[in-house]
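Biologist: Could you take a close look at the pockets for me? I'd like to know what lines them and which parts of the chain they draw on.

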Amino acid sequence: MAKVNPHYGKLQAGYLFPEIAKRTREFAADNPDARVMRLGIGNTTEPLTPAIVSGLHAGVDKLASADTYTGYGDEQGFSELREAIAKRYTTYGVTLDLDDIFVSDGAKSDSANIQSIFGEDNVVAVQDPAYPVYVDSNVIGGKTGSGSDGQFDGLVYMPCTEENNFFPELPEGKVDLIYLCSPNNPTGAVATIQQLKTFVDYALEHKAVIIFDAAYASFISDSRLPRSIYEVEGAKECAIEINSFSKEAGFTGVRLGWTVVPKALVCEDGDAGEVNRLWLRRQTTMFNGASNVVQYGGLAVLTEQGQKECQELVTYYMANAKRIRACLEGLGITCFGGENAPYVWLKTPDGMTSWEFFDKMLNETHVVGTPGSGFGPAGEGYFRLSAFGHKEDIEEAVASIQSNLKL
Ligand code: PL4
């Protein structure tokens, strides 16, 4: 008799983003005349840039000729693309071997799947609040107990609050897998080298592994802030880094990312090379490589012209972030983030819960945001607004908030 994976039963609610989409659809159905402005899901809106479009076209053209046609490729990705990614890391002062780099279809799948190469008895620590995939994938993977009130037994929550500038203290006991995200989704906080170093030192001491999500690294404009955890000495021995072309190049629908699993990485029962081998085994068994056409697009992203154009995209979205934050602060709302990250994290007024504020914002201003509590218990009382949107739509949302939000 077949039996379902019982760990799914521990997940208390639906996945956060479909839930927001569902509530938004319901509001739109009940209010057909309202123009709903979506600043909830961090979804890119601006078209692919010319250099990238050319790269993708060239990829399609190759498939149109018998001389250049390719079918299945290496599951780890084109070696040219891995070389281009490694070259980017050299600009951070980081040297990587090509077989440390695994090209994928995006950061979401990698950040969900990476836990599967670690045993169920690992103690997992997450920043609280955090991108929900880290928690949910570990629940599904059987690395937590059951949940109540949005928290799971056996999972170590590392609160990120106003008091610690949204970067966590080290866990009190011993943990084995530590998820960090910088620039952070949802708080918009960016970790400094010193902050990351405290975690790298901890991980080296305890043979723990850090899973570092750098999906928003290209939004950092302050040159003092690290774009990769490998800028911290010793990180190659204890950290896996996940990254994405989604936000930098508008690949949210195109799908391309990469994960770095250095061969130098060690864990309690795995010598140098073992974790890299396991991820290779996992990927070659369960993944058939990113689309070849898309990888040509990725190569175009990493050219000099591609980078120049992507920087313009980032600048465009960051101007939105600035506009949103200025509007909210003008209304006396306390805000964080939005400076080296595309998310503005605001404190709900009058002690409202995150979902109460979601309803208020939607009903009064027709603007959709993301309730902070959806990212974890410490997100309660906060709300996230995304800077991804057409400038005109952001202006309209800002004007509506200014005119209609009753404070
Ligand atoms: C909604 C910290 C967004 N359906 O596009 P990917 O897979 O390369 O990257 C996904 C990702 C990875 N890591 C972090 C992220 O914030 C995201 C994307 N998050 C958001 O609004 O928080 C999109 C969410 C999408 C999803 O479930 O990822």
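Modeller: Here's a walk through the two pockets, one after the other. Keep in mind that this is a predicted model.

Let's start with the largest pocket, which has a volume of about 570 Å³. It is lined by 26 residues, and those closest to its centre are Ala13, Gly150, Ser373, Gly374 and Gly376. Sorted by class, that lining splits into 13 nonpolar, seven polar and six charged residues. As for secondary structure, α1 (16-30), β3 (124-128) and α5 (133-140) each put at least two residues into the lining of the largest pocket. Zoom out to the domains, and you'll find at least three lining residues of the largest pocket coming from each of domain 1 (10-47 + 306-404) and domain 2 (52-302).

Now for the runner-up. The second largest pocket holds about 480 Å³ of space. Its lining has 21 residues, with Gly42, Lys108, Tyr131, Tyr216 and Lys247 closest to the centre. Here the class count is ten nonpolar, six polar and five charged residues. Two helices to pick out are α4 (107-113) and α7 (246-249), each of which supplies at least two residues of the lining of the second largest pocket. And where does the second largest pocket sit relative to the domains? Domain 1 (10-47 + 306-404) and domain 2 (52-302) both contribute to its lining, so the second largest pocket lies between them.

Technical notes. Residues numbered from 1 in each chain as written. Predicted model: local features only at pLDDT ≥ 70, side-chain atom pairs only at ≥ 80, totals over all residues. Heavy atoms only, no water. 1 Å grid on protein atoms, 1.4 Å probe; cavity = no way out; pocket = protein on both sides within 12 Å on 5 of 7 lines; lining within 4 Å. Points joined across faces, edges and corners; volume = space filled by probe spheres on them. Helix = DSSP H or I, 4+ residues; strand = E, 2+ residues; numbered from the N terminus. Nonpolar A, V, L, I, M, F, W, Y, C, P; charged D, E, K, R; others polar. Domains from an automatic or database assignment.
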